[in-house]
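Me: I'd like a close look at one part of this model, beginning with a single side chain and working outwards. Please walk me through it in one connected answer, with the cut-offs for any terms you use.

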Amino acid sequence: MKILHVLGTRPNFMKAAPVLRALSSRADAQQILVHTGQHYDRNLSDIFFEQLGIPQPNFNLEVGSGSHAAQTAEIMRRFEPVVLEQKPEVVVVYGDVNSTVAAALVCSKLLVPVAHVEAGLRSFDRTMPEEINRLVTDRLSDFLFTPSVDGDENLANEGVAKKNIYCVGNVMIDTLVNLLPIAERCPKNGLPERYALVTLHRPSNVDDSETLKRILRSLADVGEQLAVVFPAHPRTRRRILDFGIEVQKLHLLDPVPYIEFLALQRGATVVITDSGGIQEETTYLGVPCLTVRNNTERPITTTLGTNILVG
Ligand code: UD1
């Protein structure tokens, strides 16, 4: 069976790695890898391929950044000829990013079955671009692989047939379990004993100057008591510069590779984030997590895990 996987951004890579590895042991599976190029900086892309043992992509669409419409459309335009040429029997898409929805749209119009890994998650907040991506991708998918039972329930409530829903568990946590022993051997590199680890990149938190200033002021208050280690997404770093915000009390770093970031999470006193996946990783690691959002598409991290919403 010819299986084509579509990857585009940092969180996609952690989800795809265990799926690719599992399928590579099957003699009847021929795998094709397409990187859309939505993330292209070495620290957001290549380093993940190396650390997670993902093979080099067969195709890189090199779409780069753009508005949602421009980026989604460009991925669709460049992906369609690949599907027409390769004729996969199924296309696997991951998570909730623009690459995910763009690939699902192309395949559904070419009548190629779509498998969605991390299906069924809902924040019920349509101001989040990812929520739109999740809704549309699930609607178009033929095989829906959910990470948790709340995903099954959301899909059932939207009328998805039970026979198309497969609760397979959280593949991103499979990657974490696989690489945690290596992360545990990472040197501390002068880190203090206790620190808060921060990531922020949601448009709703970083694109408005007043909101970002308020959040960074709160983090500076945290910094009075606890070192604040803050690997900044390029989008966030640009906004801090554009808005001329002072960040002396925070230790701003470039984005950190997967294994080093896992080590940072494991050693943190608290993690403060607006990421989706980090809510789950901290829950698995038992590290307290404060999520700078009003809602989450991963509710088990608040009911069973270590996560508290502090939007
Ligand atoms: C995307 C996903 C988000 C995910 C995040 C993980 C969508 C809608 N959003 O957000 O769900 O949590 O990835 O990081 O798909 N940039 C660089 N280098 C890169 C990539 C981006 O500098 O390699 C900068 C560009 O200025 C770009 C901005 O970051 O405009 C945003 O990138 P984009 O891929 O549009 O969204 P993310 O914020 O990364």
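Reply:
**Starting from one side chain**

Gln71 is a residue of helix H3; helices here are DSSP runs of H or I with at least four residues, strands are runs of E with at least two, and both are numbered from the N terminus. Before going further, please keep in mind that this is a predicted model, in which local features need pLDDT of at least 70, side-chain atom pairs count only at pLDDT 80 or more, and totals for chains, interfaces and linings use all residues. Residues are numbered from 1 along each chain as its sequence is written, and side-chain values use heavy atoms, with hydrogens and water left out.

Is Gln71 buried or exposed? Gln71 counts as buried because its relative accessibility is 8%; the scheme calls a residue buried under 20% relative accessible area, exposed over 50% and partly exposed in between, with a 1.4 Å probe and protein chains only. A polar atom of its side chain lies 3.0 Å from the backbone oxygen of Gly64. Leaving aside residues up to four places away in sequence, Gln71 touches Gln38, Gly64, Ser65, Gly66 and Asn98, where contact means heavy atoms within 4.5 Å.

Now step back to the helix that carries this residue. Helix H3 covers residues 68-86 and lies across E1, strand E2 (30-35), E3 and E4, running at about 165° to E1. For such angles, axes are lines fitted to C-alpha atoms, for helices over the stretch in contact, and the values run from 0 to 180 degrees between N-to-C directions. Helix H4 (residues 98-109) also packs on the sheet, touching E1, E4 and strand E5 (114-117), and its direction makes about 160° with that of E4.

The sheet beneath these helices is open, with seven strands in the order E3-E2-E1-E4-E5-E6-E7 and parallel pairing; two strands pair if DSSP finds at least two bridges between them. Its edges are strand E3 (59-60) and strand E7 (165-167), each of which pairs on one side only. Strand E1 (residues 2-7) runs parallel to strand E4 (residues 90-94), and four bridges join the two. In that pairing, Leu4 is opposite Val91 of E4.

Further along the order, E5 and E6 run parallel and are joined by three bridges, with His116 standing opposite Leu144 in E6. Strand E6 (residues 143-146) has two faces: Leu144 and Thr146 make up the covered one, while Phe143 and Phe145 make up the uncovered one.

Helix H4 deserves a closer look through Ala104, which lies in it. Ala104 counts as buried because its relative accessibility is 0%. Beyond residues up to four places away in sequence, Ala104 touches Val93, Val114, Thr137 and Leu140. Pro129 is 25 residues from Ala104 along the chain, and their C-alpha atoms are separated by 16 Å.

Next, the ligand. Which residues lie closest to the ligand? Of the 18 residues that surround it, the closest are His39, Tyr40, Glu130, His201 and His233; a residue is included if one of its heavy atoms lies within 4 Å. A polar backbone atom of Tyr40 is 2.8 Å from an oxygen atom of the ligand, and a polar backbone atom of Asp41 is also 2.8 Å from a ligand oxygen. Glu130 contributes a polar side-chain atom 2.5 Å from an oxygen atom of the ligand. The protein covers 89% of the 740 Å² of accessible area that the ligand has on its own, with areas from the Shrake-Rupley method and a 1.4 Å probe; for residues, only the protein chains shown count as cover.

Finally, there is another sheet to visit. This open sheet has six strands in the order E10-E9-E8-E11-E12-E13, with parallel pairing. Strand E10 (251-253) and strand E13 (307-309) are its edges, each pairing on one side only. From one strand to the next, the twist averages 20°. Four bridges join strand E8 (residues 195-199) to strand E11 (residues 270-273), which run parallel, and Ala196 is opposite Val270 in E11. Helix H11 (residues 258-267) packs on this sheet, touching E8 and strand E9 (227-231), at about 135° to the direction of E8.

In edge strand E13 sits Asn307, which is buried, with a relative accessible area of 4%. Its side chain makes polar contacts with the side chains of Gln279 (3.0 Å) and Thr291 (2.6 Å). A polar contact is a pair of N or O atoms within 3.5 Å; within protein, one must be able to donate a hydrogen and the other to accept it, and residues adjacent in sequence count only if both atoms are side-chain atoms.
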